[in-house]
Protein chains: 6
Amino acid sequence: MPQTYNYDQYNVSFPQDGVAVVEINRADAMNAFTPNMILNIGKIFNQLATDEDCRAIVLTGAGDKAFTAGLDLKQTSLAGSGGKDSARTMISELRPLLLSFQNAVTQAEKCLKPIISVMHGYSFGMAIDLTTATDIRICTSDVKLSVKEVDIGLAADVGSLSRLVKIVGSMSWVKDICCSARIFGADEALRQGLVSAVYKDKKEALAAALKLAGLIASKSPVAVQSTKEILNYSVDHPIEHGLRYTAAWNSGALQTADIPEAVKASLTKTTPRFAKL
Amino acid sequence: MPQTYNYDQYNVSFPQDGVAVVEINRADAMNAFTPNMILNIGKIFNQLATDEDCRAIVLTGAGDKAFTAGLDLKQTSLAGSGGKDSARTMISELRPLLLSFQNAVTQAEKCLKPIISVMHGYSFGMAIDLTTATDIRICTSDVKLSVKEVDIGLAADVGSLSRLVKIVGSMSWVKDICCSARIFGADEALRQGLVSAVYKDKKEALAAALKLAGLIASKSPVAVQSTKEILNYSVDHPIEHGLRYTAAWNSGALQTADIPEAVKASLTKTTPRFAKL
Amino acid sequence: MPQTYNYDQYNVSFPQDGVAVVEINRADAMNAFTPNMILNIGKIFNQLATDEDCRAIVLTGAGDKAFTAGLDLKQTSLAGSGGKDSARTMISELRPLLLSFQNAVTQAEKCLKPIISVMHGYSFGMAIDLTTATDIRICTSDVKLSVKEVDIGLAADVGSLSRLVKIVGSMSWVKDICCSARIFGADEALRQGLVSAVYKDKKEALAAALKLAGLIASKSPVAVQSTKEILNYSVDHPIEHGLRYTAAWNSGALQTADIPEAVKASLTKTTPRFAKL
Amino acid sequence: MPQTYNYDQYNVSFPQDGVAVVEINRADAMNAFTPNMILNIGKIFNQLATDEDCRAIVLTGAGDKAFTAGLDLKQTSLAGSGGKDSARTMISELRPLLLSFQNAVTQAEKCLKPIISVMHGYSFGMAIDLTTATDIRICTSDVKLSVKEVDIGLAADVGSLSRLVKIVGSMSWVKDICCSARIFGADEALRQGLVSAVYKDKKEALAAALKLAGLIASKSPVAVQSTKEILNYSVDHPIEHGLRYTAAWNSGALQTADIPEAVKASLTKTTPRFAKL
Amino acid sequence: MPQTYNYDQYNVSFPQDGVAVVEINRADAMNAFTPNMILNIGKIFNQLATDEDCRAIVLTGAGDKAFTAGLDLKQTSLAGSGGKDSARTMISELRPLLLSFQNAVTQAEKCLKPIISVMHGYSFGMAIDLTTATDIRICTSDVKLSVKEVDIGLAADVGSLSRLVKIVGSMSWVKDICCSARIFGADEALRQGLVSAVYKDKKEALAAALKLAGLIASKSPVAVQSTKEILNYSVDHPIEHGLRYTAAWNSGALQTADIPEAVKASLTKTTPRFAKL
Amino acid sequence: MPQTYNYDQYNVSFPQDGVAVVEINRADAMNAFTPNMILNIGKIFNQLATDEDCRAIVLTGAGDKAFTAGLDLKQTSLAGSGGKDSARTMISELRPLLLSFQNAVTQAEKCLKPIISVMHGYSFGMAIDLTTATDIRICTSDVKLSVKEVDIGLAADVGSLSRLVKIVGSMSWVKDICCSARIFGADEALRQGLVSAVYKDKKEALAAALKLAGLIASKSPVAVQSTKEILNYSVDHPIEHGLRYTAAWNSGALQTADIPEAVKASLTKTTPRFAKL
């Protein structure tokens, strides 16, 4: 029986076999994130992680205007509740808040199903925090991207800074956009490798994301999920430790029925069928 | 009262509010670096780090011909003073010399104010060592870049090799330029992400650098300096440790008056005013 | 007296001074790798590492069709020999097999002479595992590249995943190609930095590789080999540790006769002559 | 209003100001851990982490016989549910189970209030997994300790192995006890540094733990919690990174009212009063 | 059919089921190591690693006088062959030599069967290099231990320094013995945790080693080998990465027939029988 | 010509060949550290690092009462100068202050000559910060040790926490003393490995320190300094990286005249003479 997903201001649907679409659904507020929405996106990825019907995920934002305009400043207190010395505010309020936000976003990494983010329109602040924790980023030609946090007086702290330095090549560019908070577009994002494809508009981008998700969902889920986990481990470790982790992982994972199934399908030019995972 | 900067063969000026320009001033020798000049650039960044009037820095070279032609080989002994066995030369002379050069260059990272390097003309050897330790690199269309050390019989040891692998994406390209010492130009540097912008000539490049520095200087200095530090920490650590450092840092830094000031300015469409830092 | 190289299905030649060419020589099977061929390529790099006549290496595949089509599945058992519980298969068969394959490929890194890979035609699976462990990658305009493993039901485990995240900049692209196993071409490989140059066909690509190898071979071998080692160390360590390793290494390496030789040649506009290494 | 703690098979009490006592309460089964009990201990530490009335924690087991005899094998499936290939069992069942157990135990580290474990009687398997994640370990003279997992056919995987190598000095001893699963006593545990004190019986050990917890609870909570976090960070990082983290943390934490309060109390020989945290 | 072991100056025997004894057999030279003997000990551990009849290993030295007096200086050239500049000697001779020695010793770690070293009499230099790479160290009451290298003008470079800091707790003591090269005895070694047991003489120590090896050999080899590997991985990584590696490893290893066998044996008070590994 | 050492509140003398004694000389204030004294101790170690007449160092405190009572709270502002928001105080005042103190203490590690600390009487706070950065710690039987910082409302931030976890074995004990700030004595310090020897009183302890320093000073300085550097590098890196660093270092350092000198002296039973370093 399929799982149900009830989370405020999100739609989760399965438009095609094995592919989940997570839509941020607060278009009237440019999909701005309330604290609760941040925690919920973590719960959604967490649930999808163990949903056998899900093999790949597309993340999108409702409406035409924005993937997300970022954090909803009116509903988020970054200052603490007051009445304490600043060390207490630091330790008992702000740090736990930041850790909980970071932890929610990190669920995108922990979920072994690949996540494709489709950014359109305003994609500020949390848009970068969130999508840099996903696997593949594509966008529309009219996207307006920005690591916006400096403009409201803070360094980005829900992941953008710690992840951008790992997922794009040019540190000169990363420091430029992070220190200036300037808005940049699809061409620049593509050239710098932040996104790996650009499409005319949201409709085409979503179609492309679904197609890619469908392709991934048609592969052996053992192979795909192992690949995501090993890539994520490797980016954070010396090469030799990445290799050692790979050997530990794959000496178990190679014992799957998917390999003979895939090889047989390849020889007989048929479509392989892989059991759920 | 503004600080004064008196360092041989450097000019330090403040052409606009919050922006320091550091000029390597040895044009008659193509701005080649003597050992003393290397130590001095470290002292300059060190002083700027605590100069409240400085919020962003532009690094340039005097004259039309060169940002810097590299190390001044006539004034630098890479061989030790002689009369010792090679282990003694290694431990008591060459290693301390290298560490002192590396340490000077690393001050560019330790200074939390963003540094924009403007490379023009000959930009060899030390040019790469030094600018890879700065934050943002731009250049002129006629720049001649080279990791030149192999041509004089040594591996680059003042930072180029250890930093290039972190600040540009393509290891194939890094190894090509570092093993061949070949000269490459602005287009290639831009395509590979070594620089993030190219301008027609030095005048335009400097103007662009000043404009970008001015933009950064207009932002909250708490936000900007926190951003630089967290990016530098993150590039050297696994993502989860970058996040943990970010949480420790920002749970203190969020308690700044700059956030309400920035938010208020944003809502009222006014220009925020941030206290010195 | 020159060393001899006798390895099944490889040709090793020295077409020009200081340059070795290693040719995968199993064109009738699209240069597909048997387990023995994987172990042998490690031995070849290992032997070249200490061959004084070798200063740079070009790696190519025989025939017009393929650099290599990947692992020869008919001759490789990824399933274990059977008759054991899955933990025993994991620990006593698959893990040692994977470690031995990984170790062979890693010899490309341990050999301090730069290796230039020339990919043409089909370059699948092992092609990526192997060339990502070499230093410089170039290809022909008709190359067909793929991290193909997912298509046969497994995550790449001979190095592609652990190395791709370090040698190209865009994680979005890496995850796209690794999770989808899709075939991509020369333009995309160049744009993403997987290769640093593209040539019309195999003949031109080989010529270019030989020229670059010849250029590198003409430099101080102390300088070149030190550069490779320091780059490889630095990519796996924080910048400050890369610098500390560099200082340890170079305080010994700077005591070479190559530096005065190189400097003298530079001043007198003559060609330097460097002793073997 | 004090928080309430309702968790199956645990008692949480506050016998003295600022000190929580967590008692594993399943004496009729030698306090053996069911999967649910593992998850709950994580939730308890998690709740205590933000409970202002808690400044230090004592962890103990009910009854005379055992701190805990380890995992309750009858209620824990380590084999997976069957009906899948072994790779699927690995990825979709066993790994998530292990991660959830590890995560629960790790909450002892994430909670910034120091935890003192009091081990008595049988203290096998989970006893080591759990207490090695706490801060201070003491025991009774009759304690029977064992890293017992090898005796049931597996390597300890809820933390004992990864933590023992960090919290005691002698690797020879760690490998001895972990590979042999032999039972050892209080003297050996004390000599090797696994525990830092031994008491005659449970009553005396609990009294000593409460006294130490009370002492810690009387100190500045800003100081104590900062100390725990910095020690935990430092054990996992190079010294220089531990120092850098310390500087980031303390440059915020030093701005506490506790320092003047502590200094004043010291000068006036009075008892300082620190606000809650 | 049992494997055979023919290595100059070593005896390898199997005095009891599952236990291999490796004896350094050059008593007339105090078991001093020639370069060939260093390489051979690596090959022996390598062969034992895949020998199904071996589940635990005891390492000892022939004769009454010495486990080993260290490197045989008469047969080892630490100076290079001469006729080269010092950088060439460094890169082409000494570094490869050191790497080959280190690699041989490291095979003790890579072999997943626990190795118990029994040191008696003179145990200098290589004795520490070698045994610190093994798992459990015991010694006789008359042992004479020394990190002797400083006395012949060099820092220990075959592993003692890099491993001592990980396998004993007191850095003050490590630096004392390493910088002074002083000889110390069994009591000190035991108190500092370098050895985990001391016996009256070689006969008793060997008997104890065989007994412990026999005990380990009676356990599930899946459990024992997994334990060694996870401990070795964990000592070199942050706790959270040790845990992640453990989860990857054990989610495969838990699918062994040894767990039900061990549990059944425990319930029925019978002796479990574990298949070879 | 011998160097001179003029630093306020320190005496530096050379009572025997190759041995420097650094005495903290503020007995009337229990050798409490002012900020200037912290910076100066860094400068002293820095100068000794390149003083050829110094091969080993003894660190002691003047007077009978104390090695040092810790930071002089009356002369140190831990609160910032006021008049700023807390983020500005953090970034522009407290963090630079902490970094400068940490950097001074770290000079004890960077100086390659072994430093022996002799603690007597009150040895609180800075005593631990400072001596944990030195190499060998010994003490008198009446020493009163304490990580005292928690008692004045802060976590130790000049190195004690980041170093204690690396230099002693028992984490349980480290957390006990750091969270409770309790005073402990010589026996406990010895048992836990914080010190490696205890002597009756200051006179005997100093004599022993001088004797050990003299022994170290009589060894090859190439060997001794290489040993210290490799140990310090290794404690902060995985074993394999420690080995790789060792190979880089020693392939240069082995080319010293000290090895033949030491070997010859050993064979001829004479005293070797090593050139200065």
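## Domains of chain A

The domain assignment, which is automatic or taken from a database, divides chain A into domain 1 (10-217) and domain 2 (221-268). This is a predicted model, in which local features need pLDDT of at least 70, side-chain atom pairs count only at pLDDT 80 or more, and totals for chains, interfaces and linings use all residues. Residues are numbered from 1 along each chain as its sequence is written, while chains are lettered from A and ligands numbered from 1 in the order in which they are written.

Taken over C-alpha atoms, the centres of domain 1 and domain 2 of chain A are separated by 27 Å. Eight residues of domain 1 of chain A are in contact with seven residues of domain 2 of chain A, where a contact means that the C-beta atoms of two residues, placed from the backbone, lie within 7 Å. The domain 1 side of this contact in chain A has three nonpolar, no polar and five charged residues. In these classes, Ala, Val, Leu, Ile, Met, Phe, Trp, Tyr, Cys and Pro count as nonpolar, Asp, Glu, Lys and Arg as charged, and the others, Gly among them, as polar.

## Confidence

Let us turn to the scores. Chain A has an average pLDDT of 97, and 100% of the residues score at least 70; pLDDT is the predictor's confidence in each residue, from 0 to 100. For the model, ipTM is 0.98 and pTM is 0.98.

## Where chain A meets chain C

Chain A brings 47 residues to its contact with chain C, and chain C brings 40 residues. On the chain A side, two or more residues each come from strand E7 (136-140), helix H4 (160-167), helix H7 (202-217), helix H8 (221-235), helix H9 (239-253) and helix H10 (258-268) of chain A. Helices (H or I, at least four residues) and strands (E, at least two) are DSSP runs, numbered from the N terminus. H8(A) gives the most to this side, with ten residues. By class, the side of chain A that touches chain C holds 24 nonpolar, 16 polar and seven charged residues.

## Where chain A meets chain B

Here 39 residues of chain A are in contact with 47 residues of chain B. Helix H2 (86-110), H4 and helix H5 (171-180) of chain A each supply at least two residues of the side that touches chain B, and the largest share, nine residues, comes from H5(A). This side of chain A divides into 18 nonpolar, twelve polar and nine charged residues.

## Symmetry

A turn of 120° and a shift of 0.0 Å along the axis lay chain A on chain C with an RMSD of 0.0 Å. The two copies are thus related as by a three-fold rotation axis. Superposition is by least squares on the C-alpha atoms of residues with pLDDT of at least 70 in both copies. These copies use different surfaces, as 9% of the contact residues of chain A recur in chain C.

Chain A can also be laid on chain B by a turn of 120° and a shift of 0.0 Å along the axis, with an RMSD of 0.0 Å. In chain A, the C-alpha nearest the axis belongs to Gly169(A), at 2.1 Å. Only 10% of the interface residues of chain A are also interface residues in chain B, so these copies meet through different surfaces.

## Helix H4 and the nonpolar core

H4(A) is mostly covered, with seven of its eight residues buried. A residue is buried if 20 or more other C-beta atoms lie within 10 Å of its own, exposed if 12 or fewer, and partly exposed in between, with C-beta atoms placed from the backbone. The buried residues of H4(A) are Ser160(A), Leu161(A), Ser162(A), Arg163(A), Leu164(A), Val165(A) and Ile167(A). Their cover includes helix H3 (126-131) and H5 of chain A, helix H8 (221-235) and helix H9 (239-253) of chain B, and helix H5 (171-180) of chain C.

The largest nonpolar core has 616 residues, of which Ile116(A), Ile116(B), Ile116(C), Ile116(D), Ile116(E) and Ile116(F) touch the most other members. A nonpolar core is a set of buried Ala, Val, Leu, Ile, Met, Phe, Trp, Tyr and Cys residues joined through C-beta atoms within 7 Å. Leaving aside neighbours within four places in sequence, the contacts of Ile116(A) include Ile57(A), Leu59(A), Asp135(A), Ile138(A) and Leu212(A).

## Two positive phi angles in chain E

Met30(E) has a positive phi of about 55° although it is not a glycine, and Asn31(E) likewise has a positive phi of about 55° without being a glycine. Met30(E) sits in the loop between strand E2 (19-24) and helix H1 (35-49) of chain E, and Asn31(E) is placed in the loop between E2 and H1 of chain E. Met30(E) is partly exposed, with 18 other C-beta atoms within 10 Å, whereas Asn31(E) counts as buried, with 28 C-beta neighbours inside 10 Å.
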